[in-house]
Amino acid sequence: MARRKKQKVTPEFATPSMKKAYLEDRYFAPYPGELDAERLEARRLEQSSLLEKPSARVFQTPLEAIEQRDGDSFDFDSDMVRFGKAGDLNPEQEEALAASLKSLIPWRKGPFSYYGTDIDSEWQSNLKWDRVAPWLPDLKNRKICDIGCNNLYYMYRMLSQDPWFVLGIDPMVRYYFHHQLNRKFHRDPRINFDLLGVDDLEIFPKFFDVVFFMGIIYHRRNPVQTLDIINSCMKPGGTLILETSGIPGDEPYCLFPDGRYMKAPGYWFLPTASAMKNMLARTGFCNIEIFENFKLENFEQRQTPWAIYESLEHFLDPDDPSKTVEGYPAPTRIYIRAEKR
Ligand SMILES: C[S@@+](CC[C@H](N)C(=O)[O-])C[C@H]1O[C@@H](n2cnc3c(N)ncnc32)[C@H](O)[C@@H]1O
């Protein structure tokens, strides 16, 4: 009896096509001499292995069932970033889209709308954008970096000002898939994403005109070093938009929590607005303006069907929302514009 040929088994989680597509997206090629291409390529090769992990499969499988489309309507100028409209897709295409949108839960930033499905994200990021927009320099023809861009919400909101090049960086693989999902419906060469972290910005010396660094600095173990790195990737005179969690108070103090703050271990420090201003002044920034400083409210960050986990209301003392569950002052949000000296 002939022996049956042994079938080659491909591990279920191998995702070579995604890794290849990532490495082939050489968005940096038009800028030889302006960035450290060798270091960037080495770093990208390292990061590409994230796309081969089983966890990436959760996002990739549903995404692969979505066909590439071009020419559908979109709207990036309103609170809700919208791709397509209800009725554009047939039932099969709708099903594929629904699976992909669901795989990306929790949606932290937004709102978005995909072909009539409105995504009410945990954060109403349109409120942050509305506060920031009046303080922006003219973005036309500018090179912009959005550090920790998450699902790229703000990057789409920038497009109406016609920037030259927008690079969103975020080391979390799920946000690469947000980018790929959007690109299935609308490919705009100005919008680029890379799986990099803020420490990688040394690769881009004096490269960016405008840098957004929002919602991250309090997660950094070494915030001063982080600001040094950000400063190094900016052109002299370039604009930094920094937004952070903080604490109330006029003195330049920081809270350094004992373990957790709002149930999370990743809050290393919470500055007052003046402490944040001083930190910027001592790391090479000038013309520093605090343009918002207020207590964060539940309507801006809350649990929704698209963000099903605990949110702000669960992190504050139910009997005294001016305090976190640990008894620390509840967070303020501080918005600052600064220029690189
Ligand atoms: C609280 S969210 C803020 C998102 C967005 N910038 C905003 O203001 O709404 C923090 C983001 O930073 C990203 N992040 C985590 N570590 C990072 C790093 N080392 N460099 C850059 N971004 C990072 C997270 O994946 C997440 O998307």
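## Around the ligand

Start with the pocket residues in this predicted model. The shell around the ligand mixes three classes: seven residues are nonpolar, five are polar and three are charged. That shell is made up of 15 residues, and the ones that come nearest to the ligand are Gly 148, Asn 150, Gly 197, Met 214 and Gly 215.

## A four-stranded sheet

Next, have a look at the open sheet. Four strands build it, lined up in the order 1-2-3-4, and their pairing is mixed. Which strands stand at the edges? They are strand 1, covering residues 74-75, and strand 4, covering 117-119. Each of these has a single partner strand, so one of its sides has no neighbour in the sheet.

Let's zoom in on one end of the sheet. Strand 1 runs antiparallel to strand 2, which spans residues 81-83, and two bridges hook the pair together. If you'd like a contact to look for, pick Phe 74: its bridge partner in strand 2 is Phe 83.

## Two cis bonds in one loop

Now for the backbone. Most peptide bonds are trans, as a rule. Here are two that aren't. The bond running from Ile 105 to Pro 106 is cis, and its omega is near 5°. Gly 110 and Pro 111 are also joined by a cis bond, this one with an omega of about 10°.

Where do these prolines sit? Pro 106 is in the loop that links helix 4 (91-103) to strand 3 (112-114). Pro 111 has its place in the loop between helix 4 and strand 3 as well.

## Positive phi at 262 and 263

Phi is usually negative in residues other than glycine. Two neighbours along the chain go the other way. Met 262 has a positive phi, near 50°, without being a glycine, and Lys 263, not a glycine either, has a positive phi of about 70°.

To find them, follow the chain past strand 10 (254-255): Met 262 is in the loop between that strand and strand 11 (270-271). Lys 263 also belongs to the loop between strand 10 and strand 11.

Are they buried or exposed? Met 262 has 20 other C-beta atoms within 10 Å, so it counts as buried, the cut-off being 20 or more. Lys 263 has 12 such atoms within 10 Å, so it is exposed, since that label applies at 12 or fewer.

Definitions and conventions: Residues numbered from 1 in each chain as written. Predicted model: local features only at pLDDT ≥ 70, side-chain atom pairs only at ≥ 80, totals over all residues. Pairing = 2+ DSSP bridges. Near = placed C-beta within 6 Å. Nonpolar A, V, L, I, M, F, W, Y, C, P; charged D, E, K, R; others polar.
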